[in-house]
Amino acid sequence: MAGMKRIGILTGGGDCPGLNAVVRAVSKTAMAEYGATIIGIEDGFEGLVAGSGRELCNADVSGIINLGGTILGTSNKGDPWHFPVAGADGPEIHDCSVQAMEHYRRWQLDCLVTVGGDGTMNISHRLAGLGANVVGVPKTIDNDLAATDLTFGHDTAVFVATEAIDRLHTTASAHHRVMVIEVMGRYAGWIALTAGLAGGADIILIPEIPFSWEAVYRKVIERSRHGKRFSIVCVAEGAKCPDVGEVVKSYDAKRTDAKQLGGVGDVVARRVAEGTGLETRVTVLGHLLRGGSPTPFDRVLATRFGVLAAHLAGRGQYGFMAALHGSVVEPVPIADAVSRLKIVTHDHEYVQVARAVGTSFGDA
Ligand code: F6P
């Protein structure tokens, strides 16, 4: 057993199916192979700044591989450099990175394992600059991290969205309606593209492919003329509508990314009703995509990432993030992973095959 390490672990940003599988894999591997003590830090970086954490024992991380959410809690408002602190006139944003490092040292951590998306990896990289040893695990249902082919959570989100499209098909065809399904994904269209492809959506609208209302109407009307008196439109929350742009629900300065997207489905449904005269309905899947049990694929990927992260932490190979390349899980420098978003390219194979089977992206 090489050294008795003290490893902190936190989950940051939005919750995502598979987080508990990572916490389990990191903890079990690090305890068994490196005799490590695991400190579970609560509510992401909020807990690091506030000093809230607890030692995890085997029983804490047992029986959780199938659970959604995170036993540690998470937050998207914990950026230590952009930290909301109660002030006389409401919350003020402060730099609390010194407090974060104080707790890192007080817990006598040899390494901090951070499980999160782009925001979390950015913060991890900055903490490394202050002297923290960090190892990253990439998560996001959006699958928009460039340094890894896949993030865990994405498969579950696509599974849920696909099932929803299947179910909505029933009402669409029975009532001869246009059903608009809005899915999450932020600035990337991966969930809409993949679920739209799997669910046989007639129109897929994503942030990466500009579309026109006329092309959307044309597709819906053309289907009607061919006897298909219904259509399924799968729209990513970040899709940019002509003359409207991105549809933002609200701004919250306390969040790492202030923008809360949402509402594009309503805009699309209204315009399609006006432009085609057909009855339309909207379903916003929202957080359903992130809830509940991870798929077997996500459980396995999360476990593979977690085991690698434990080995990196145990062996003292800091500054790396676990990544999937092809079928291999391997480390990549966190520095290479930050601020590089992976978005859908126009010539991506999924776009091509969707077009081949008649799906419109509203751009023709
Ligand atoms: O990044 C994951 C994600 O679910 C995005 O798809 C979405 O835009 C965002 O988080 C929503 O965040 P929140 O739960 O904070 O509203």
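**View 1. An open sheet of seven strands.** In this predicted model, seven strands line up in the order E3-E2-E1-E6-E7-E14-E15 to make an open sheet with mixed pairing. E3 and strand E15 (328–333) sit at the edges with a single partner strand each, so one side of each has no neighbour in the sheet. Going from one strand to the next, the twist averages 30°.

**View 2. Zooming in on E1 and E2, with helices on the sheet.** Strand E1 (residues 6–11) runs parallel to strand E2 (residues 37–41), and four bridges link the pair. To pick out one spot, look for Ile9: its bridge partner in E2 is Gly40. Helix H1 (residues 19–34) lies across E1, E2, E3, strand E6 (111–116) and strand E7 (134–138), and its direction is at about 175° to E1. Helix H4 (residues 118–129) packs on the sheet too, where it touches E6, E7 and strand E14 (320–325). The angle between the directions of H4 and E6 is about 160°.

**View 3. Where domain 1 meets domain 2.** The domain assignment splits the protein into domain 1 (6–152 + 294–326) and domain 2 (155–290 + 345–356). Their C-alpha centres are 32 Å apart. On the domain 1 side 20 residues take part in the contact, and on the domain 2 side 17 residues do. The size of an interface is often given as the accessible area lost when the parts come together. Here, about 1600 Å² is buried between domain 1 and domain 2, with carbon and sulfur atoms giving 57% of that area. Two salt bridges are found across this interface.

**View 4. A salt bridge between Asp15 and Arg290.** Here Asp15 pairs up with Arg290 in a salt bridge. The closest N and O atoms of Asp15 and Arg290 are 2.9 Å apart.

**View 5. Ala59, out in a loop.** Look for Ala59 in the loop that joins strand E3 (53–56) to strand E4 (83–87). Ala59 has 58% relative accessibility, so it counts as exposed. Ala59 and Asp298 are 239 residues apart along the chain, and 22 Å separates their C-alpha atoms.

**View 6. Gln108 and Arg186, two residues with a positive phi.** Most residues other than glycine have a negative phi. Gln108 is not a glycine, yet its phi is positive, at about 55°. You'll find Gln108 in the loop between helix H3 (97–106) and E6, and with 56% relative accessibility it counts as exposed. Arg186 also isn't a glycine, and its phi is positive at about 55°. This residue belongs to the loop between strand E8 (178–183) and helix H6 (190–199). Is Arg186 buried or exposed? Arg186 is buried, because its relative accessible area is 15%, and the cut-off for buried is under 20%.

**View 7. Helix H6 and what covers it.** Of the 10 residues of H6, eight are buried, so the helix is largely enclosed by the rest of the structure. Among the buried ones are Trp190, Ile191, Leu193 and Thr194. Which elements cover the buried residues of H6? The cover includes helix H5 (154–175), E8, strand E9 (203–205), strand E10 (231–236) and helix H11 (349–356). Just after H6 comes Gly200, with a positive phi of about 70°.

Methods: Residues are numbered from 1 along each chain as its sequence is written. This is a predicted model: local features need pLDDT of at least 70, side-chain atom pairs count only at pLDDT 80 or more; totals for chains, interfaces and linings use all residues. Side-chain values use heavy atoms; hydrogens and water are left out. Buried means under 20% relative accessible area, exposed over 50%, partly exposed in between (1.4 Å probe, protein chains only). Two strands pair if DSSP finds at least two bridges between them. Axes are lines fitted to C-alpha atoms, for helices over the stretch in contact, and angles run from 0 to 180 degrees between N-to-C directions. Contact means heavy atoms within 4.5 Å. Domain bounds come from an automatic or database domain assignment. Buried area is the accessible area (1.4 Å probe) that two parts lose on being put together, summed over both. A salt bridge is a side-chain nitrogen of Lys or Arg within 4 Å of a carboxyl oxygen of Asp or Glu.
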